[in-house]
Amino acid sequence: MSNAINTLQRLLEPQERLDRLIASTFRRFGPRLVDLSYANPCDGPSDEVLSILARAAAESKGRSLQYTPIAGRTAARRAVAAALEQRFGLPFDCRDVFLTAGAMPALNIVCRALFDAGDEVIVVTPAWQDHPLYLRNLQVDVQLVPLQHDNHLDLDAIGAAIGPSTRGILFSQPCCPTGVLYSRTEIERLASILMEAEARLGTRIYIVSDEVHRDLVWSGKPFHSPLQSYQRSISIYSFGKAFAMQGQRIGYLAICPRMPRLDEMRTTIERCVRVMGFGHPTAIMQRAAGDLVDCRPAIAALARAHDLVRRSLKASGYDVCDGDASFYVYVKSPIDDDFAFAELLASHGVLVMPSTLFHDPGYVRLSLTAGRHAIETALPVLAAVLDETREGIACSSRC
């Protein structure tokens, strides 16, 4: 087995271990299981979103179901570009937008377009589990840089990590899994650090901003995209996360319209879409995307769920990380082995995601996409397991 395959295998092992845990726990508990691991909203899409999907299917007749342009249906790309221009105050053109089958292909396409084997990319941790995987699959070197203790960007550490081979920085905004929203000040300071490094090293450094949760800000804080502060930025977006339809696989990547050598970047990404061969959404979902840009997810219910769960966990004695956005609550594990704690919770019928998957051991992530009854069922279990764990630790200390 090659070194490259071994590297990928090591990155995949935590995910595969979790998959086995989920499967065995489902077999044991069946419908009594409370699943707080993956973000699969139990209520599904809103009536408005379902109506858009139904209309897109009903209107897709004749040639409308045939091949679309390589970058996606032009009308949908124009709608996305107009929405981005209105939101971020930047002169987007439809040629800056590439429709993809969700965020996963978009990330792969962008990494292929921007980085070569042997380049180095900084990945801010905790990170979505597959960020390093996609880079290492392309033989791009990865440098993990942790957040500060308050889960905001450690700008000094990022600056110190930049070297002659650095070609990019990849992070999610807001952060998955913490739900922390990075401020405009943070993003602008990061932009200044990168521009200074570019001038000093005579190189180009790109920001890849994974923004699949940007429409799920429940705290009321303003969202600021790197697109607004740094010219060499590309944004990744998925309609699936915001509108509870991840399985429909529709999203896009958007190039900052102030990108240097913009036409060259557009051409490079279009070529990578063709070369990689798997990034295209269906014709029906491309038609739907033109209307989805005008939808807004229901944030009030998400905010109430966060308030309920965060208050309950803190009252039980958990160390809960502050957050602003997404479905997720990031919680300190009471033992160092986050996987062991996730397994303990699973033995009581509650599934969570251990933070080893996010390259940040010592935490667990709860997804508030289960129904309210299921969440209310899980909270006393979480409290009891914490007490059980602490009693075990105390007993071990006495013994």
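Begin by selecting S355, which in this predicted model is found in the loop between β11 (353-354) and β12 (363-367). Is S355 buried or exposed? With a relative accessibility of 0%, S355 counts as buried, because the cut-off for that class is under 20% relative accessible area.

Keep S355 in view and display its surroundings: leaving aside neighbours within four places in sequence, S355 is in contact with Y330, D338, D360, P361, G362, Y363 and V364. Among these residues, D360 deserves a closer look, since the backbone oxygen of D360 lies 2.6 Å from a polar atom of the S355 side chain.

Next, select the strands on either side of this loop together with β9 (328-332). In which order do the 3 strands of this open sheet run? The order is β9-β12-β11, with antiparallel pairing, and β9 and β11 are the edge strands, each pairing on one side only. Strands β9 and β12 are joined by 5 bridges, and V331 has V364 in β12 as its bridge partner. V364 has already appeared on this tour, as one of the contacts of S355.

Now move to strand β2 (residues 97-100), where the side chains alternate: V97 and L99 point one way, F98 and T100 point the other way, and all of them are buried. Adding strand β8 (residues 251-255) to the selection shows an antiparallel pairing with β2 over 4 bridges, in which F98 stands opposite L253 of β8.

L253 is the residue to centre on next, because the view can then be widened from that pair to the largest nonpolar core, which has 42 residues and in which L253 and I269 touch the most other members. Which elements each supply at least two residues of this core? They are α4 (103-114), β3 (120-125), α5 (131-137), β6 (206-210), β7 (233-238), β8 and α9 (262-276), and the largest share, 8 residues, comes from α4.

With L253 still centred, display its contacts: not counting residues up to four places away in sequence, L253 touches D96, V97, F98, T100, A106, I109, V110, I234, S235, I236 and I269. This list includes F98, the residue opposite L253 in the strand pairing, as well as I269, which is named with L253 as touching the most other core members.

For the last stop, select F88, L90, L181 and V293, which are included in a second, separate core of 33 residues.

Key
Residues numbered from 1 in each chain as written. Predicted model: local features only at pLDDT ≥ 70, side-chain atom pairs only at ≥ 80, totals over all residues. Heavy atoms only, no water. Buried < 20%, exposed > 50% of the residue type's maximum accessible area, 1.4 Å probe, protein only. Pairing = 2+ DSSP bridges. Core = buried A, V, L, I, M, F, W, Y, C linked by side-chain atoms within 4.5 Å. Contact = heavy atoms within 4.5 Å. Polar contact = N/O pair within 3.5 Å; in protein donor to acceptor, adjacent residues only side chain to side chain.
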